[in-house]
Amino acid sequence: MISALENLYFGMYRCRPLSVVKLAGEGSNRVYYRLVGDAGSVVGVVGTSVEENKAFIAVAKAFVAGGVVAPRVLAVTDDGMCYLQEDFGDVTLFKHLRESRERGDFSPEDADLLCRVMGELPKIQYLVPEHFDFSVCYPVSDFDYRSVMWDLNYFKYCFLKGAGVEFNESVLEDEFEKLAGLLLCENENTFLYRDFQSRNVMVKDGLPCFIDFQGGRRGPIYYDVASFVGQARAKYTPQVVEKMIDAYLSALVRYKTVERGHFMKMLALFRIFRLLQNLGTYGFRGLFERKKAFVETIPAALGQLHELLCGFSAEFPYLGSLVAKIRLLPLFRREELKELTVDVVSFSYKRGIPDDTSGNGGGFVFDCRAIHNPGRYEPYKKLTGMDKPVMNFLETESNIAEFLENAYAMVDNMVDTYLKRGFTHIQVCCGCTGGQHRSVYSAEHIAVHVSNKFGVKVVVNHMMLNRSYVLERKT
């Protein structure tokens, strides 16, 4: 499929890309690549469904026609499985907000950016349908009773069953049906983004750009507001949430008049629904696939859900009591969560393979010496695998991409197994002749890959560069 993307690039620009780098994905089977050449940088997408790709392409056109900043689709393969889109860079809104999130206090600039995003949402909801045929939506065209129950059953079977929680299925189903009825009581011809959250907003030149809307469909306006302000991993403060809701309502008046009290009640119902839906995902990714980053998100989501359900104790008494009980399970107490650390080391074979200081004596040692060595050439001798010219050389003049794909597969298998078994340490070493070019590049990419995919703490140590740093686990 990479060759198909390269051919699309050539067909557009009459030159070949100089590098094709796989981008980190999260929770999706779609595969993304950055293609860079003399004509510029684009993102290549390899999908798993022609219908899903068609939906994305149609929605992207509608976004642009409606004045929403979204990636233009530049070229599509004849079979519809691959396409090129505009490249908005690597900075998601979630990444951009990292310092504020870790500090627990959002700066005025970050709060303003969040409000700007929320101010764009009514435009997406009301103007996109003017340029869009909902019949092309994938997998369904409308937010309806069936799709609501799919998501609620996802919570039931992937979270409750995965956590081993005993529950009365008949009573829970009665309350789920009541919730579905309340969620579907208002129908408008508005666009529902479905996965409207900070990881699907890019920040370019200080402005928000919107991506990953291929699951969009017709649906109520409250859903996306709830999705954004209630994102558990974003850790928005109550003050910032209030500002975002005010910004949304101020922008909404151009299209619809809504009474604030009614809006807030409906928003709370949709936040409950979104949290149940998210917990289904966290259960599948964390409890079944054993990806620890998702398990660590569960306590915060349960806390939000419990607080919201306290306001609907008359409507959902059983669900409220069930969530209150689940919060007390040892599995979801933060102090019970053990942390896996992955040490990634680059070294020189002239100095020998590094010792495993944890005492485990396991992990991997990858020999990078079969990769074409940029250190043999004068322009690169004083540079390292972290310098752009060396990176370009390795990506265009060597087989390092194939080497790393094989390394990723082995490391992924071990990290997944260690997470399942509750181990706390893995060491991954990359060695080359001088420990300066190939090993450094490989270690950097393995470290970022593991951090992005599993959310664990990664400690990077470039021995010959006398440099080390930590990629903290993602929350």
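User: Before we start, what does it take for two strands to pair?
Analyst: Two strands pair if DSSP finds at least two bridges between them. Keep in mind that we're looking at a predicted model.

User: Cool. So how many bridges join β10 to β12?
Analyst: There are 8 bridges between β10 and β12, and the two strands run parallel. For one spot to look at, find F347, which stands opposite G431 in β12.

User: And what's the strand order in the sheet they belong to?
Analyst: The order is β11-β12-β10-β13-β14. That's an open sheet of 5 strands, and the pairing is mixed.

User: Which strands are at the edges?
Analyst: β11 (364-367) and β14 (467-471) are the edge strands, and each of them pairs on one side only. From one strand to the next, the twist averages 15 degrees.

User: Back to β11 for a sec. In what sense do β11 and β12 pair?
Analyst: They pair in the parallel sense, over 4 bridges. β12 covers residues 425-432, and its V428 has F364 standing opposite.

User: Is β12 buried or exposed?
Analyst: Buried: 8 of the 8 residues of β12 are, so the strand is largely enclosed by the rest of the structure.

User: Which way do its residues point?
Analyst: H425, Q427, C429 and G431 point one way, while I426, V428, C430 and C432 point the other way. Both sets are buried.

User: Which helix lies across β12?
Analyst: That's α14, residues 400-421. Helix α14 lies across β10 (341-348) and β11 as well as β12, and runs at about 180 degrees to β11.

User: Switching topic: how many aromatic pairs are there in the whole structure?
Analyst: A search of the whole structure turns up 33. One of them is Y193 with F213: the ring centres are 6.0 Å apart and the planes are at 85 degrees, so the pair is edge-to-face.

User: Why edge-to-face?
Analyst: Because planes over 60 degrees apart count as edge-to-face, and the planes of Y193 and F213 are at 85 degrees.

User: Where do those two residues lie?
Analyst: Y193 is in the loop between β6 (191-192) and β7 (201-204), and F213 is in the loop between β8 (207-210) and β9 (217-218), so the pair ties together parts that are 20 residues apart in sequence. Y193 is buried, with a relative accessible area of 0%, and F213 also counts as buried, at 0%.

User: Last one: which ring does the charged end of R101 sit over?
Analyst: The ring of F94, 3.7 Å from its centre. There's also R30, whose charged end sits over the ring of F56, 5.9 Å from the centre.

Terms used: Residues are numbered from 1 along each chain as its sequence is written. This is a predicted model: local features need pLDDT of at least 70, side-chain atom pairs count only at pLDDT 80 or more; totals for chains, interfaces and linings use all residues. Side-chain values use heavy atoms; hydrogens and water are left out. Axes are lines fitted to C-alpha atoms, for helices over the stretch in contact, and angles run from 0 to 180 degrees between N-to-C directions. Contact means heavy atoms within 4.5 Å. Rings of Phe, Tyr and Trp (its six-membered ring) pair if their centres lie within 6.5 Å; planes under 30 degrees apart count as stacked, over 60 as edge-to-face and the rest as tilted. Buried means under 20% relative accessible area, exposed over 50%, partly exposed in between (1.4 Å probe, protein chains only). A charge sits over a ring if NZ of Lys or CZ of Arg is within 6 Å of the ring centre and within 35 degrees of the ring normal.
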